[in-house]
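Let's practise reading the empty spaces of a protein. Have the structure open, try each exercise yourself, and then follow the worked solution.

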Amino acid sequence: MPRGDLYNFLKIRDAIDSVGEKVNLIGVVLECGFPRKTKGTDWFCSVRIIDETHQDPGLPVNVFTQTRHQLPRILSVGDIIQFQRVSMKIHDDKINAVFYKKYSSFAIYEGRDGRNLVPYQTYETFREKDLDKNFVIDLRRWLQNFQFDEGANYFSLIREINGGESFNLVCKIIHIHEGAGNEWMAFVWDGTDAPPSNILQKLEDEMHHPLPLHLESLPLSRDTLCSFPSVGTVLRVVSQDIEHDNLRLLKTGEWVKLLNLLCEVHAGLWRCVLTAFTKLRYTPNEDRLKIERQRLYDERLSRSPQSLRRMPFWSLPWPSQVTEVDGDDDDDHAIFLTLMDVLTSSEVTASFKCVVRVIAAFPWQAKDFCFPAGIDRIRLTLEDSTARIHAFLYAEDGVKFFDGQSSVKALESKLNALLGVIADNDGEQNDTRRNPPWVQICLKSQSDKSGSRHYRIFSTKLVA
């Protein structure tokens, strides 16, 4: 078969016209999927490649090998891969190339900025040729000015996500967390705020099953949090049935395009799932969608007036009138800050003005607030687009918060408004779904003897 001759490379455009033949190809990795086991004994992964003759949608190459370690181990989307003797097929009316373990082979080279002309991985039957280096050099040169033309609507912003749906995301990898056991989590960001989700929990559940402050098993260190952006949602991404060794393509500090992420809500917190059908797409430094997201973020931080720049997107144009805070635009707390600003503040003792949702209270019954002697201690769970924290009401701050009310009925009414509770005529919660309003609060941070920081609410009045 002349087209399968090891010294004859076909351009992708010509390979697409060669269905039924074995061909040799070389191209840039536009997308790659995660390895998974087939229904039989083989391992499988899919790689989509492009060259100067064909970029949209690229050519899928389905690779089947006997073991997982024989599959292509691509270090970076955008690297160059050579395939020898792959079969051109049609499946579901779409053309693809198939790598068969018995007679196909491959080699992978560094991409655009690479200098080494030696492949960093080869299949066991691969035979290198002198001309290979020229093809690699040509593709690197072509990549210097290549821009993949993607429609803006093909990728969502974090503020556009919906629970239970799959979507595509352009994002920056902020942190990779590997915890105890098999815990793995990536933290990603695009500068926008995830939409507030309904809280599907009754107030009394806070006693035995409190809403979590985070999805990871243990809280991240303060040093790690200080590396996070303080504006915009940092989204948690977990893996489903994907071995951690295969997640090496996700590198802290880099922008990536993730295709077919599954979006979920857990205890009101957003998370996304990498599945066997998730793919990574090539994202160069000059990528148009990456630059567009950075521009939106910069415009947000230059918004006028300055006091609105860090307010949650979903609270605009102004938070509800459920609460009032003391002070005016000339005081120290005039500029709204995010809860991530609060958590990462360099000052141990400091005051902040924030726009948050109050999603839980403990105790949850007004009769347990210890009036008229004053409020003993109430723990409120606060969230905005960046974080969740516990904040406490004590003594005179609690009295002020409830505007001096001591009637249990009046307190319950105010608390229901704050927590987004829809109650029946008897004051009972008749719907577990809650959507608490955005409210203004003043927070003060302080530390205990162990150095742990705690937060209390002050100079805030619940007026609903």
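**Exercise 1. Find the helices and strands that each supply at least two residues of the lining of the largest pocket, and say which gives the most.**

Step 1. Helix H3 (222-225), strand S12 (235-239), strand S14 (269-274), helix H5 (339-343), strand S19 (388-394) and strand S22 (453-458) each supply at least two lining residues. Keep in mind that this is a predicted model.

Step 2. S19 gives the most, with 4 residues.

Step 3. Now look at the pocket as a whole: its volume is about 880 Å³, and 39 residues line it. Nearest its centre lie Leu213, Leu343, Ala387, Arg388 and Ile389.

Step 4. Sorted by class, the lining has 20 nonpolar, 11 polar and 8 charged residues.

**Exercise 2. Work out why the largest pocket lies between two domains.**

Step 1. Look for the domains that give residues to the lining: they are domain 2 (158-206 + 218-303) and domain 3 (313-462).

Step 2. Both domains contribute, so the largest pocket lies between them.

**Exercise 3. Describe the second largest pocket: its volume, its central residues and its main contributor.**

Step 1. The space in this pocket comes to about 740 Å³. Its lining has 28 residues, and the closest to the centre are Ser46, Arg48, Pro60, Asn62 and Asn96.

Step 2. Several strands supply at least two lining residues each, among them S1, S3, strand S6 (94-99) and strand S13 (255-266). The largest share, 7 residues, comes from S4.

Step 3. By class, you will find 12 nonpolar, 9 polar and 7 charged residues in this lining.

Step 4. Domain 1 (9-145) and domain 2 (158-206 + 218-303) each provide at least three residues of the lining of the second largest pocket.

**Exercise 4. Turn to the cavities: how many are there of 30 Å³ or more, and what surrounds the largest?**

Step 1. The count comes to 3 cavities of 30 Å³ or more. The largest holds about 140 Å³ of space.

Step 2. It is lined by 14 residues, with Gly33, Pro35, Pro72, Ile74 and Arg248 closest to its centre.

Step 3. Strand S1 (22-33) and strand S3 (43-51) each supply at least two residues of this lining. The classes are 9 nonpolar, 2 polar and 3 charged.

Step 4. Domain 1 (9-145) and domain 2 (158-206 + 218-303) both give residues to the lining, so the largest cavity lies between them.

**Exercise 5. Repeat the analysis for the second largest cavity: which residues line it, and which strand gives the largest share?**

Step 1. About 40 Å³ of space lies in this cavity.

Step 2. The lining is made of Lys202, Leu203, Glu206, Ile359, Ala360, Ala361, Trp364, Leu419 and Arg434. Divided by class, these are 6 nonpolar, no polar and 3 charged residues.

Step 3. Strand S17 (residues 350-362) gives the largest share, 3 residues.

Step 4. The second largest cavity lies between domain 2 (158-206 + 218-303) and domain 3 (313-462), because both give residues to its lining.

**Exercise 6. Step back and describe the whole protein: what is its secondary structure, and what percentage of its residues count as buried?**

Step 1. The secondary structure comes to 7 helices and 23 strands.

Step 2. Of the 464 residues, 52% count as buried; here buried means under 20% relative accessible area.

Step 3. The protein exposes about 21,700 Å², and carbon and sulfur atoms supply 47% of that area.

How values were computed. Residues are numbered from 1 along each chain as its sequence is written. This is a predicted model: local features need pLDDT of at least 70, side-chain atom pairs count only at pLDDT 80 or more; totals for chains, interfaces and linings use all residues. Side-chain values use heavy atoms; hydrogens and water are left out. On a 1 Å grid over the protein atoms alone, a cavity is a set of points where a 1.4 Å probe fits but cannot get out, and a pocket is an open set with protein on both sides within 12 Å along at least five of seven lines; lining residues have an atom within 4 Å of a point. Grid points are joined across faces, edges and corners, and a volume is the space filled by probe spheres set on the points. Ala, Val, Leu, Ile, Met, Phe, Trp, Tyr, Cys and Pro count as nonpolar, Asp, Glu, Lys and Arg as charged, and the others, Gly among them, as polar. Domain bounds come from an automatic or database domain assignment. Buried means under 20% relative accessible area, exposed over 50%, partly exposed in between (1.4 Å probe, protein chains only). Accessible areas come from the Shrake-Rupley method with a 1.4 Å probe; for residues, only the protein chains shown count as cover.
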